[in-house]
Number of protein chains: 4
Amino acid sequence: MSGPVRSCSTECADDGDDASGTGRATYDARMADMTETTPGWLAPNELEQMRARMPILYVDAVPVRVDDSGEVTHIGLLLRIGPEGTVSRTLVSGRVQHHERVRDALLRHLEKDLGPMALPRIPASLQPFTVAEYFPTLGITPYHDPRQHAVSLAYVVPVAGDCRPRQDALDLVWFTPQEASSPQLQEEMPGGQGVLLKQALAHAGCLS
Amino acid sequence: MSGPVRSCSTECADDGDDASGTGRATYDARMADMTETTPGWLAPNELEQMRARMPILYVDAVPVRVDDSGEVTHIGLLLRIGPEGTVSRTLVSGRVQHHERVRDALLRHLEKDLGPMALPRIPASLQPFTVAEYFPTLGITPYHDPRQHAVSLAYVVPVAGDCRPRQDALDLVWFTPQEASSPQLQEEMPGGQGVLLKQALAHAGCLS
Amino acid sequence: MSGPVRSCSTECADDGDDASGTGRATYDARMADMTETTPGWLAPNELEQMRARMPILYVDAVPVRVDDSGEVTHIGLLLRIGPEGTVSRTLVSGRVQHHERVRDALLRHLEKDLGPMALPRIPASLQPFTVAEYFPTLGITPYHDPRQHAVSLAYVVPVAGDCRPRQDALDLVWFTPQEASSPQLQEEMPGGQGVLLKQALAHAGCLS
Amino acid sequence: MSGPVRSCSTECADDGDDASGTGRATYDARMADMTETTPGWLAPNELEQMRARMPILYVDAVPVRVDDSGEVTHIGLLLRIGPEGTVSRTLVSGRVQHHERVRDALLRHLEKDLGPMALPRIPASLQPFTVAEYFPTLGITPYHDPRQHAVSLAYVVPVAGDCRPRQDALDLVWFTPQEASSPQLQEEMPGGQGVLLKQALAHAGCLS
């Protein structure tokens, strides 16, 4: 790909490509390192084409801190600042690539968003706590992605290590389950991810 | 299969398009009624193209009979006769289309394979009992699909009504859980669907 | 409740014995038909003794109406009027008896609370959507039962038939998922069953 | 407790009290350290009495080793030698005590059987992969416990640390998923725990 890349929908090996479509502003910086020839990636126009024709498979991970008994003590949410300074908080989310296992996609997106020292504990079972269907049309499900029909397998993933989100306008903030259930925080989560977070809390038995 | 087969891998709204790729012989008969211009469907070359670039989202349904207490008494498997007379047995399986909910895809494929009077009881929760990853390469997971990388959400679906599989070389046979676990029947299930069936039996508490 | 109450905590084959302990006022009417010698039941003092020494196994069922695609359209809650006229709403709940299967306990309690024509569809899998731990001490979990330490397997159970709750001060009211999530209704559910209901809604993908 | 303890059904804070009842031979050695007055425990005759009247709540844990992507590589089974030298292999299993959370019971039994350095990763969600109903009568379910009606919540638990089973005739042996599915090993697992193990393997996607 030659010349300046401004395209919000560039593939970029899914970096920042969360299912609710809020991470677009961070794409450009990453593009410098990438080439179109990396196997398994899609050229921008190819992805666009497929998004219009098929549901796209995603994973959503809810990063949590747990105590020795496995109980969730904190939930980690990525902080992003939009073009107009709006705050949004998102889960770890991204596309599953061709010939990539779901657990490898989970690991890849967690490493990408939380850094290489996060030590995520990918679940032993692939049974997700739910399947989130992001439609480009509002109101069909609680989830919405204007770019595409994305179907996301959602997992609660304990992370034991040191989380260092990438520098480009991202931060990771830890919330208690009670804080994570609050209406205020819910409003900062776009595309229905607030609902998905509540489902994760319910699954982990810490929804209040 | 006699005569010229123009489009063995034709989309056909996924009819017979089970995830393990064994229902191809039945495509032709169905093609007569279809046009490639139906919205939401893919032209043959489009589907081919996408299969080479992205994981394709599927659903697998294990049709079961249950008693009043919900216990599985029988499992329904589709019978297919291959080109050389080989018997294969498959689950109800098919692709999720663009802008189609997973539960609607389940309903559509169950109706297509079991007939309009089967009265399937689609689960209230979308949480699948497992996620089956069919790879075009053997040995990565227990599941295999030479055509594509398909990721399938798998559900046990009680059917209460009268099942009449479509006429084209298909039949539906009911087995007890014990029969369904037998090595002989397992061998008749291609693409790892025997393993998926055992996972369903395990989930329903009737694996022996 | 007027007059001498001989056995408020009488076993009564668990009738009205919901896990949050709010159905006690309805025990007396039922006692007329029962004897303490029915096999499998416990004499009042025996149950009291065990409640002080062991966790007691319960089931909680969330009765729902679903459409053809399995999506939850309504949730049924039992209405109870307390001694001072306070309204409380509860799930279908009760103890698992000695030598009784969990699915038979589910069926028994659903029939008892919703009548013989409710046609509940007991799940094919015993995997509950959560395990609710009711402690006699407040604050350990979201669930509370002053009488005992009860551990309850919780299921969403579609009911297809005609629901006629028993006459003794009970009614069954159907709510939309949105109504069921409302703070007002949550406040009417004692013992943490409001949280359990939200977990059920989250599991079924209809928590708002 | 003074004098020689021969009673197989002694409470002993559940040590060795696996749901299938095969660990009895190891009770005696442990009794030396215990007193009947420890809060939360039951005197032998009390437990006997309750076992005849109520289902007893258990947990079953399947200890596994996982790789970085969460995939199960090995399953740990406890080795026990019966009175006549018969080999039996069991899961980590034990009773939930009064006023004890399920996750604390899991932790306690895993520490007891695998030692204090096993570092078990108790699941964030209490949703078990199945509920195993051990009946004193054969043939009602695949699980059997001659002593009692036990209902067990079953979990797959990754253990990251060093496992040192207690010395009294126990050992812990790690098997590959394929070995764990073998008929030979299945035969060495009493009380239906072989079936439960297969359900765990199915849940983790490694049943062959």
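D:His99 counts as partly exposed because its relative accessibility is 34%; here buried means under 20% relative accessible area, exposed over 50%, and partly exposed in between (1.4 Å probe, protein chains only). This histidine lies in the loop between β4 (92-95) and α3 (102-114) of chain D. Helices (H or I, at least four residues) and strands (E, at least two) are DSSP runs, numbered from the N terminus. D:His99 has a positive phi of about 65°, although it is not a glycine. As background, most residues other than glycine have a negative phi.

Before going on, a word on how to read the model: it is predicted, local features need pLDDT of at least 70, side-chain atom pairs count only at pLDDT 80 or more, and totals for chains, interfaces and linings use all residues. Residues are numbered from 1 along each chain as its sequence is written, chains are lettered from A and ligands numbered from 1 in the order in which they are written, and side-chain values use heavy atoms, with hydrogens and water left out.

**Two residues of chain B**

B:His99 is found in the loop between β4 (92-95) and α3 (102-114) of chain B. Its phi is positive, about 65°, though B:His99 is not a glycine. With a relative accessibility of 32%, B:His99 counts as partly exposed.

Is B:Thr130 buried or exposed? At 3% relative accessibility, B:Thr130 counts as buried. You will find B:Thr130 in strand β5 (residues 130-135) of chain B. Leaving aside residues up to four places away in sequence, B:Thr130 touches B:Ser152, B:Leu153, B:Ala154, B:Leu196 and B:Gln199, where contact means heavy atoms within 4.5 Å.

**Chain A on its own**

Chain A has six helices and eight strands. Follow the sequence of chain A and the pattern reads α-α-β-β-β-β-α-β-β-β-β-α-α-α. Chain A holds 208 residues, of which 63% count as buried. Among the contacts in chain A with a separation of 6 or more, 68% come from residues 24 or more positions apart.

**Where chain A meets chains B and C**

Here are the two interfaces of chain A in one view.

| Chains | Residues in contact | Area buried | Share from carbon and sulfur atoms | Residue pairs in polar contact |
|---|---|---|---|---|
| A and B | 36 of chain A, 36 of chain B | about 3100 Å² | 65% | 10 pairs |
| A and C | nine of chain A, nine of chain C | about 900 Å² | 46% | five pairs |

Buried area is the accessible area (1.4 Å probe) that two parts lose on being put together, summed over both. A polar contact is a pair of N or O atoms within 3.5 Å; within protein, one must be able to donate a hydrogen and the other to accept it, and residues adjacent in sequence count only if both atoms are side-chain atoms.

Let us take chain B as the partner. The area buried between chain A and chain B is about 3100 Å², and in chain A the residues A:Arg53, A:Met54 and A:His98 lose the most area to chain B, together 22% of what that side buries. Zero salt bridges are found across the interface of chain A and chain B; a salt bridge is a side-chain nitrogen of Lys or Arg within 4 Å of a carboxyl oxygen of Asp or Glu. On the side of chain A that touches chain B, the elements giving two or more residues are α2 (44-51), β1 (56-66), β5 (130-135) and β7 (150-158) of chain A. Of these, α2(A) gives the most, with five residues. That side divides into 21 nonpolar, eight polar and seven charged residues. In this grouping Ala, Val, Leu, Ile, Met, Phe, Trp, Tyr, Cys and Pro count as nonpolar, Asp, Glu, Lys and Arg as charged, and the others, Gly among them, as polar.

Now turn to chain C. The area buried between chain A and chain C is about 900 Å². In chain A, A:Gln199, A:Ala202 and A:Leu207 lose the most area to chain C, together 40% of what that side buries. The count of salt bridges between chain A and chain C is zero. The side of chain A that touches chain C divides into four nonpolar, four polar and one charged residue.

**How the copies are related**

A turn of 180° and a shift of 0.0 Å along the axis lay chain A on chain C with an RMSD of 0.0 Å; copies are superposed by least squares on the C-alpha atoms of residues with pLDDT of at least 70 in both. The two copies are thus related as by a two-fold rotation axis. In chain A, the C-alpha nearest this axis belongs to A:Ala202, 3.2 Å from it.

Chain A can also be laid on chain B, with an RMSD of 0.0 Å, by a turn of 180° and a shift of 0.0 Å along the axis. Chains A and B meet through the same surface, because 100% of the interface residues of chain A are also interface residues in chain B.
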